[in-house]
Amino acid sequence: MSAAEHIEPSHFAFDADSEAQIAKIVARYPEGRQASAVIPALYIAQKQMGRLTGSAWVPRIAMDAVAARLGMPPMRVYEVATFYFMFNTKPIGKFHLQVCGTTPCWLRGSDDVMRACKEAGHLKGYGDTSADGLFTMTEVECLGGCVNAPILQVDDDYYEDMDYESTVKLLEALKRGERPAPGSVIGRQTSAPEGGPMVLTGSEE
C-alpha cells in the first residue's frame, strides 16, 4: 500500500511516555493557556506513531486526541498540523530522507544527494515511499546548515557535507539497521573551514 492510499487508524491514545512529556510541557503555561502546547503535543503524537508503527505521522484521530488533551477545538489543531512542514499527515517510511534543495545546497551538489537517495533507496522521486517501506524522500527548504552544504536530514538528524557516495553509504548503513553519527561526513569541526579552524591560531604570516 502506498502512502497515498493509507488508511486512517480508528483509535489513538497517548501512551505513558507521551503523556509524561505532554504534562511536563503543559505545566509551562498558565491555566487556560494549554493550547500554547499544541506544536510540541503534535510532535509527541507523531513520535509515538513512529515508535508504535514504524511510521512517524499524525493521523486525524491523533489530532483529535491533542485537541481533547489541550481543551481546544479540533479544527485549530488541524490548522497547525497542516501548516507546519514538520508534521506528516500521511504515513511515511521508517526513515524520512529530507533533501535540502535551497540555493547553497543546490550549488554544492544537492542534486547528487537526491539522485543517490533515488537510486540507493529505490525511490521514484520526491514524495515517494520505497516499496519496502524503509524510505520516504521529501524536498525541504533551508535547513539552516548552509555552511556545511549539502545537507540531508534523516528524521531529526542532520548529515552534512554530503555527496553521492556518502549518501549511498548512509542509506546502506540504515538498511543494515545501523545509525551513523550525524554531523559532517568529512570530519569538519562544527562549522569551521575544511581542514580545521583557520583563525586565532597564533601563527603569523
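The paragraphs below walk through the nonpolar cores of this predicted model and the way its helices pack.

A good place to begin is the largest nonpolar core, which has 25 residues, and in which Phe12, Phe14, Val38, Leu42, Val66, Leu70 and Val77 have the most contacts. Four helices, α1 (16-26), α2 (38-53), α3 (60-70) and α4 (74-83), each supply at least two residues of this core. Apart from this core lies another one, of 18 residues, among them Val99, Met114, Leu123 and Leu170.

Phe14 deserves a look of its own: leaving aside its neighbours within four places in sequence, this phenylalanine is in contact with Glu19, Ile22, Ala41, Ala45, Gln48, Ala65, Val66 and Arg69.

Turning to the helices, α1 and α2 pack at an angle of about 170°, with their axes 10 Å apart, and they are therefore roughly antiparallel to each other, since the angle is over 145 degrees. On the α1 side the contact is made by Asp17, Ser18, Gln21, Ile22 and Ile25, while α2 contributes Pro40, Ile44, Gln48 and Arg51. Sorted by class, the residues of this contact are four nonpolar, three polar and two charged.

The next pair, α2 and α3, packs at an angle of about 135°, again with axes 10 Å apart, and that makes α2 oblique to α3. Here Val38, Ala41, Leu42 and Ala45 of α2 meet Ala62, Met63, Val66 and Leu70 of α3, and this contact has eight nonpolar residues, with no polar and no charged ones. As for handedness, α1 passes α2 in a right-handed crossing, and α2 passes α3 in a right-handed crossing too.

Key: Residues are numbered from 1 along each chain as its sequence is written. This is a predicted model: local features need pLDDT of at least 70, side-chain atom pairs count only at pLDDT 80 or more; totals for chains, interfaces and linings use all residues. Side-chain values use heavy atoms; hydrogens and water are left out. A nonpolar core is a set of buried Ala, Val, Leu, Ile, Met, Phe, Trp, Tyr and Cys residues joined through side-chain atoms within 4.5 Å. Buried means under 20% relative accessible area, exposed over 50%, partly exposed in between (1.4 Å probe, protein chains only). Contact means heavy atoms within 4.5 Å. Axes are lines fitted to C-alpha atoms, for helices over the stretch in contact, and angles run from 0 to 180 degrees between N-to-C directions. Angles under 35 degrees count as roughly parallel, over 145 as roughly antiparallel, 65 to 115 as roughly perpendicular and the rest as oblique. A crossing is left-handed if the near helix is turned anticlockwise from the far one by less than a right angle, and right-handed if clockwise. Ala, Val, Leu, Ile, Met, Phe, Trp, Tyr, Cys and Pro count as nonpolar, Asp, Glu, Lys and Arg as charged, and the others, Gly among them, as polar.
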